[in-house]
Amino acid sequence: MRHIDERPAVGDMPSTYDHADTEGRWYRTWLERGYFRARAGSGRRPFCIVIPPPNVTGALHMGHALGDSVQDAIVRRKRMQGSETLWLPGTDHAGIATQVVVERELAKEGIERRQLGRERLVERGWQWKEQYGGRIVEQMQALGLSCDWDRLRFTMDEGLVRAVRVAFVRLYEEGLIYRGERIINWCPQDTTALSDSEVEYEETEGELVTFRYDLSDGSGHVDVATTRIETMLGDPAVAVHPSDDRYAAVVGKTVRHPFTGEDLPIVADEVVDPAFGTGAVKVTPAHDPTDFEIGQRHGLAIRNILDAHARISDAAPERFRGLDRYAARALVLEALREMGRVVREERPYVHAVGHCYRCDSEIEPWLSGKQWFVAVDRLKGPAKQAALDGRVRFRPERWQRPYVQWLDNLRDWNISRQLWWGHQIPVWYCPNGHLFASVEDPTSCQECGDTDLEQDPDVLDTWFSSQLWPFSTLGWPEDTEDLRFYYPTSVLVTGYEILYLWVARMIMSGLHFMEDVPFRDVVITGLVRDRRGRPMHKSSGNVIDPLDMIGRYGADATRFALLWMATGGQDIPFNEDVVESGRRFANKIWNAARLVVQARDGDAFEAALPADDVLALPDRWLVSRLEACRDEVDRTLETFQLSEAAHAIHRFIWSELCDWGLETAKPRLYDGSPEERRAAASVLAWVLERSLRLLHPIMPFVTEELWQRFGAGESIVVAPWPEPRPGDRDERAEADFGFAMELVTAVRRFRKAHGVRDSMSLRARVVASPAQRVTAKALRSEIERLAGLSTLDVAGEAPESVGTARLVADGAAVFIPLAGVLDLDVERGRLERRLADVERLITRAASKLTNDDFVSKAPAAVVEQERARLDEATREQAALAEQLGELGT
Ligand SMILES: [Zn+2]
Ligand SMILES: [Zn+2]
């Protein structure tokens, strides 16, 4: 048997595909020819994706590589289908993340941001962006992304600054942005407020301490429980439920604060849960959102006992001032213990504690001056409705439910960030107490004309600008051609971790400002984890760099592997072996193409398939299977099942085209008449060219490089997507050739089972139905060659059974005389001994597994292993029995 890989080099096609030589060269050509440039209003159908903008601080990671591969495959197919595609790229200024890296750089120079001042820190931010913002673009290009780089945007570029201001002012004027004093989520490490969505709740081991407040009149006491005992330094009251009989007598009295000596009222409030702890709670309005509300209702004093770094402030008794929150927690507890006021200590007490999604510090619920909020009540209804009535579809669909639930529970959005890097809030204050929002920088107060104005020092949450991304990048608030042509965009592809932070907010703002959804389909991808399923983290040392994969295996192989593994939007345990398989796949196609190019011997490419009567049965089979593959690839790409598409095209090219199509064609290519050679070569060229177009969205580079060798047109990037050819399906050819494949496979399996070398020629007789006999005769030389038979006898009568193996293929029997092939007694003895071993194994495993003691006491993993062993042995037993049967009785 000859294999395609053994053929000598053909012209300028080396025997191994070199991705490093190919990828950069084609990418530059594509850019030069402007294939990725979109022309709004061209008369073609618009198709648009806006890229989830990666942070300027970052480098391309596996998560980006996955999302980008998905988007590029979708976009490239649409481009080939003739849509006017726009894949709009960009980067995000990433408020906190960027300010943190800039401050870290400053720290190396011994500079603190407050010394430097706002203006110069922002300058340093821009310098950082100029220096590193381009890096991630280069990395995206290495992956082969077909973005329109002329339209590259940045969330702080001029147009987007204006978009942010217009959006803010409009919401403000509509009463949907307001300024309020509320408890917010405060990160003492980053010294900024965070929205609810930026807080991650983690089960944390803490303590629950119950301590005692004495009634001021000495008539008794009230016990309260807390996990943050240091906050009692700011307690202005104790609260109980109004209908709680246990405390009815003390409501209206006061308790005495053990450190300050102040008298604190006992108030009754509906919000208190009588079932929690003692039924009485301490009230800390400056450090808890519920307590803040109690404070408002009862006119309680607000005492903020923590500063911005979560150290005890001057509002607390002197002895605790300046202490870190954790040190204060220990010291307050110690002091109360000494006073004999600690009633109970539960430790560890596991409860959910909010952590900063950036730096993982514990979040402090904190009252921090006045902050700006977006009122969400009027925005969330339409966003929910858009999903429910299918104007926005989630893929997979299971993400719709959490999205709707999230909207239902959504509270007003705190958009103030106590940072300098970002969009400064466009609100100005005058000395006479007026404040107003403005799109342009004002010179005087809108109410009194005073020119001494001060802008709000805070910046907006990063997500405030990125929520406008699908229309701000197209030119909004101006009425641009891009905006009219491409909005609503078509598809959004993103990881589930920003479904709420970003996707939901884009839908709310798109509906509000553009009066239409921002995109039709939301494709949610999983996270790329390490091979064992753990998150990739620098600290775990398990991070895989996509550039490293691209360098070693090529961008095609990396993209192919990511899509191959991304089934059903699940998290991906990343396996480098699959990338290596992707590289081998590219090489396999390369070699198939080499063979076909050589066989065509310089013939010009013909876009049409040779006439039906010229086609041999294997050709008709191959053309039929290609149409089946085209249908599956097309259908799965249309419904965003990228992994299924990758599997379908791989199966066709690797197995049906290379292993069967090419192998059956070889005798005609090498030993056939000139007409036979030409017909076989042009069918293969036609099939391969079409397959390359089907594969192009997933593996753009190797497909372009090979497509060029067929001289089929200018570039595969702008070649048409293969149209359906239902007439190519040929069930008869598939059944007939399928029978030949089964025969070959049966003989190959026989060789493997009994250790018969490929080089040893076998004789075979097939006993089959009349139709099968016709097929076997027609394909005799192909079957002989592929199965390594010296003769295939299609006699119709069974031979003597002694000394003859009997195989089954598609209902037909295949007889192989064993004289000179196998020593029947030796082979039978070998199989019988192995069968006896396997049966002993089965008995042992089965008795263990029926033993209740073993099953209930052994570790689950051990029981599982035993079960797997039994399954494996049972399978082998069946195979051995069949192999013995084949050898005759
Ligand atoms: Zn933080
Ligand atoms: Zn004024």
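Helices here are DSSP runs of H or I with at least four residues, strands are runs of E with at least two, and both are numbered from the N terminus. The model shown in these views is predicted.

**Ala94 in its loop has a positive phi.**
Ala94 sits in the loop that runs between β3 (90-91) and α3 (95-108). Its phi is near 50°, and Ala94 is not a glycine. Most residues other than glycine have a negative phi. The relative accessible area of Ala94 is 5%. That is under the 20% cut-off, so Ala94 counts as buried.

**Asp810, in another loop, also has a positive phi.**
The loop that holds Asp810 lies between β30 (804-809) and β31 (812-817). Phi of Asp810 is about 50°, although the residue is not a glycine. At a relative accessible area of 41%, Asp810 is partly exposed. This value falls between the 20% and 50% limits.

**Two cis peptide bonds: Arg347 to Pro348 and Trp476 to Pro477.**
Most peptide bonds are trans. The bond between Arg347 and Pro348 is cis, with omega about -5°. Pro348 belongs to strand β14. The bond between Trp476 and Pro477 is cis too, with omega about 10°. Pro477 is a loop residue, placed between α12 (469-472) and α13 (481-486).

**The zinc ion (ligand 1) is held by three cysteines and an aspartate: Cys187, Asp190, Cys356 and Cys359.**
The cysteines coordinate through SG and Asp190 through OD. Distances run from 2.2 to 2.3 Å. Angles among the four donor atoms are 102 to 119°, and the site is tetrahedral. These angles lie within the 85 to 135 degrees required for that label. Along the chain the donors follow C-x2-D-x165-C-x2-C. Both Cys187 and Asp190 are buried.

**The zinc ion (ligand 2) is bound by Cys430, His434, Cys445 and Cys448.**
His434 contributes ND1, and the cysteines contribute SG. The donors lie 2.0 to 2.3 Å from the zinc ion (ligand 2). The four donor atoms make angles of 105 to 118° and form a tetrahedral site. The sequence spacing of the donor residues is C-x3-H-x10-C-x2-C. Cys430 has a relative accessible area of 7% and is buried.

**The second largest pocket is lined by 49 residues.**
This pocket encloses about 1400 Å³ of space. Nearest its centre lie Arg228, His287, Asp288, Pro289 and Pro365. Elements that each supply at least two lining residues are β6 (183-187), β8 (199-215), β9 (221-226), β13 (280-283), α7 (289-298), β14 (342-356) and β15 (364-367). Strand β8 gives the most, with seven residues. The lining divides into 20 nonpolar, 13 polar and 16 charged residues.

**The largest cavity has a volume of about 90 Å³.**
Rolling a probe the size of a water molecule over the atoms shows where empty space is left. The model has four cavities of 30 Å³ or more. The largest is lined by Leu171, Val374, Val376, Leu379, Trp413, Gln467, Arg505, Met508, Ser509, His512 and Phe513. Helix α14 (residues 499-514) provides the largest share of this lining, five residues. By class, the lining has seven nonpolar, three polar and one charged residues.

**Helix α20 (residues 674-695) spans 31 Å.**
The helix has 22 residues. From first C-alpha to last, its 31 Å is close to the 32 Å expected at 1.5 Å a residue. An α-helix has 3.6 residues a turn, so residues three or four places apart point the same way. In α20, 17 of the 22 residues are buried, so the helix is largely enclosed by the rest of the structure.

**Glu839 and Gly888 lie 21 Å apart, C-alpha to C-alpha.**
In sequence, 49 residues separate Glu839 and Gly888. Glu839 is part of helix α25 (residues 824-850). Its relative accessibility is 33%, so Glu839 counts as partly exposed.

Methods: Residues numbered from 1 in each chain as written. Chains lettered and ligands numbered in written order. Predicted model: local features only at pLDDT ≥ 70, side-chain atom pairs only at ≥ 80, totals over all residues. Heavy atoms only, no water. Expected span 1.5 Å × (residues − 1). Buried < 20%, exposed > 50% of the residue type's maximum accessible area, 1.4 Å probe, protein only. Donors = N, O, S within 2.8 Å, 3.2 Å for Na, K, Ca; no water. Tetrahedral: all angles 85-135°; square planar, octahedral: opposite > 155°, others 65-115°. 1 Å grid on protein atoms, 1.4 Å probe; cavity = no way out; pocket = protein on both sides within 12 Å on 5 of 7 lines; lining within 4 Å. Points joined across faces, edges and corners; volume = space filled by probe spheres on them. Nonpolar A, V, L, I, M, F, W, Y, C, P; charged D, E, K, R; others polar.
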